[in-house]
Amino acid sequence: MSENDLGNDVIERLEWHDSKRDETPHSKARAISRRAALGGGAAAFGALMLGQAGQAFAASDASIFGAQKKYHFVFVNHVTTNPSSRRRSTASRTRARCWAAHRSGPARRPAWCPDGDSVQQRDHRRRRRHRLRDDRPKAFTAPTAAALKKGIPVLSYNADEPNGRLAYIGQDLFVSGQQMGMKIKSLVPSGDIALFIATPGQANIQPRIDGAISVLKGGSLTYKVVTSGAAVPQELTTVESFWTGHTTYKGLFAVDGGTTQSIGQTIQKYKLKGKVVGGGYDLTPITQQQLAAGNMAFTIDQQPYLQGFLPVVEMFLYQASKHLSGIADVDTGLKFLDQQTVAPYNSTKSRYEGTATTAGVS
């Protein structure tokens, strides 16, 4: 029997076996890919899989999830004016409409705010009048309970509090701070360092600085905690002013993205490369450039795109499965980047790290 005859015989036997089962989009795709692999070799297999089989798999979504109504997912975000938050919102909008509501309680009229600065300024004035703080640990407990009582699932992302939410998607903040502390100790064995935090008490950055301090206290390093402010221009001014008044310090480190890039800019401006160690969190274009230039020793990637994308996936699966599946805590990880390992971030245009808006990677 020739090789072609043997292949055809195998195909016929398998198709006869499949004929006893109900035909589905998956069985069609399986038959197509099998005939391509056995009858035409790797080239035919690849072409058919990318063409006909790909269409069959796309058509099978309804058989996997069932017919679904349109869902309304609301994202309540603490800020919209920094690159990491925009990256999370970009990710969420790839699968659902995204809204951000700037208030310390539940969103009554969810709306995407294109002018985040003015919204935050108004909200800041309101909080000052009423002496409210965004970092109140129980601020979202009652709204979360009310939503869950009405059958509305609630997840937290990027920042977390034990307020009854179903799951948390984001970095293990305290542990990441501990790892940052260990990194600092390896880079600056002794002397004075500054630890900058944009807004003390904020749930997405306070645990980081707490974790760092838990590692640094009692050692040979002396640290000073400095509040840098929530707006990037203010953060840059704060870091520069601090340095000019503390020129004997050996390290400048931050637990938020805006202050991190400001540290790099300060080291560059005052020609401190090789003299002062800088580091922090997140990947902004400025931080990536400063890191590549050697003005900073490290930054930490917490994968903000996942923090926006995965909540939508979980919400959809939770609804599609009638609440049987989908909800899970996800640690989006911690990755230290230095002058060498940041290179692909600067050379690759990708929406996943915020340097492009179109889908895919180029």
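**Exercise 1.** In which loop is the place of Ser228? Determine also whether Ser228 is buried or exposed, and list its contacts.

*Solution.* The structure is a predicted model.

Step 1. Ser228 lies in the loop that runs between strand S4 (221–227) and helix H9 (232–245).

Step 2. Buried means under 20% relative accessible area. The relative accessibility of Ser228 is 1%, so Ser228 counts as buried.

Step 3. Leaving out residues up to four places away in sequence, Ser228 touches Phe196, Ile197, Ala198, Gln234, Glu235, Thr238, Asp256 and Thr259.

Step 4. For Ala198 a specific atom can be named: the side chain of Ser228 reaches the backbone nitrogen of Ala198 at 3.5 Å.

**Exercise 2.** Describe the span of helix H7 and explain how its buried residues are arranged around the axis.

*Solution.*

Step 1. Helix H7 comprises residues 173–187, which is 15 residues. From its first C-alpha to its last, H7 reaches 21 Å, close to the 21 Å expected at 1.5 Å a residue.

Step 2. Leu173, Ser176, Gly177, Met180, Gly181 and Ile184 are the buried residues of H7. They cover an arc of only 145° around the axis, and therefore lie on the same side of H7.

Step 3. A general rule helps in reading such a list: an α-helix has 3.6 residues a turn, so residues three or four places apart point the same way.

**Exercise 3.** Which residues touch the most other members of the largest nonpolar core, and which elements give two or more residues to this core?

*Solution.*

Step 1. The largest nonpolar core holds 18 residues, and those touching the most other members are Met180, Ile184, Ile193, Leu195, Phe253 and Val255.

Step 2. Two or more residues of this core come from each of H7, strand S3 (191–197), helix H8 (206–216), strand S6 (277–281) and strand S7 (298–301).

Step 3. Take Ile184 as an example. Apart from neighbours within four places in sequence, Ile184 is in contact with Ile193, Leu195, Leu216, Leu221, Phe253 and Phe298.

Step 4. Another core, of 13 residues, lies apart from this one; among its members are Val226, Phe242, Ala254 and Val276.

**Exercise 4.** Identify the buried residues of H8 and what covers them.

*Solution.*

Step 1. The buried residues in H8 are Arg208, Ile209, Gly211, Ala212, Ile213, Val215 and Leu216.

Step 2. Their cover includes H7, S3, S4 and S6.

Step 3. Just after H8 comes Gly218, with a positive phi of about 80°.

**Exercise 5.** How many aromatic pairs are there? Classify the pair of Tyr71 and Phe316 and the pair of Phe298 and Phe336.

*Solution.*

Step 1. The count comes to eight aromatic pairs.

Step 2. The ring centres of Tyr71 and Phe316 are 6.0 Å apart and the planes stand at 75°, so this pair is edge-to-face. The pair links distant parts of the chain, 245 residues apart: Tyr71 is in the loop between helix H3 (61–65) and helix H4 (83–93), and Phe316 is in helix H12 (residues 304–320).

Step 3. Tyr71 counts as partly exposed at 25% relative accessibility, whereas Phe316 is buried at 19%.

Step 4. Phe298 and Phe336 are also edge-to-face, at 5.6 Å centre to centre with 70° between the planes. Phe298 belongs to strand S7 and Phe336 to strand S9 (residues 335–337), 38 residues apart.

Step 5. Phe298 counts as buried at 0% relative accessibility, while Phe336, with 25%, is partly exposed.

Step 6. Finally, ring pairs join Tyr71, Phe73 and Phe316 into a cluster.

Technical notes
Residues are numbered from 1 along each chain as its sequence is written. Side-chain values use heavy atoms; hydrogens and water are left out. Helices (H or I, at least four residues) and strands (E, at least two) are DSSP runs, numbered from the N terminus. The expected span of a helix is 1.5 Å times one less than its number of residues. Buried means under 20% relative accessible area, exposed over 50%, partly exposed in between (1.4 Å probe, protein chains only). The arc is that of the directions from the helix axis to the C-beta atoms. A nonpolar core is a set of buried Ala, Val, Leu, Ile, Met, Phe, Trp, Tyr and Cys residues joined through side-chain atoms within 4.5 Å. Contact means heavy atoms within 4.5 Å. A polar contact is a pair of N or O atoms within 3.5 Å; within protein, one must be able to donate a hydrogen and the other to accept it, and residues adjacent in sequence count only if both atoms are side-chain atoms. Rings of Phe, Tyr and Trp (its six-membered ring) pair if their centres lie within 6.5 Å; planes under 30 degrees apart count as stacked, over 60 as edge-to-face and the rest as tilted.
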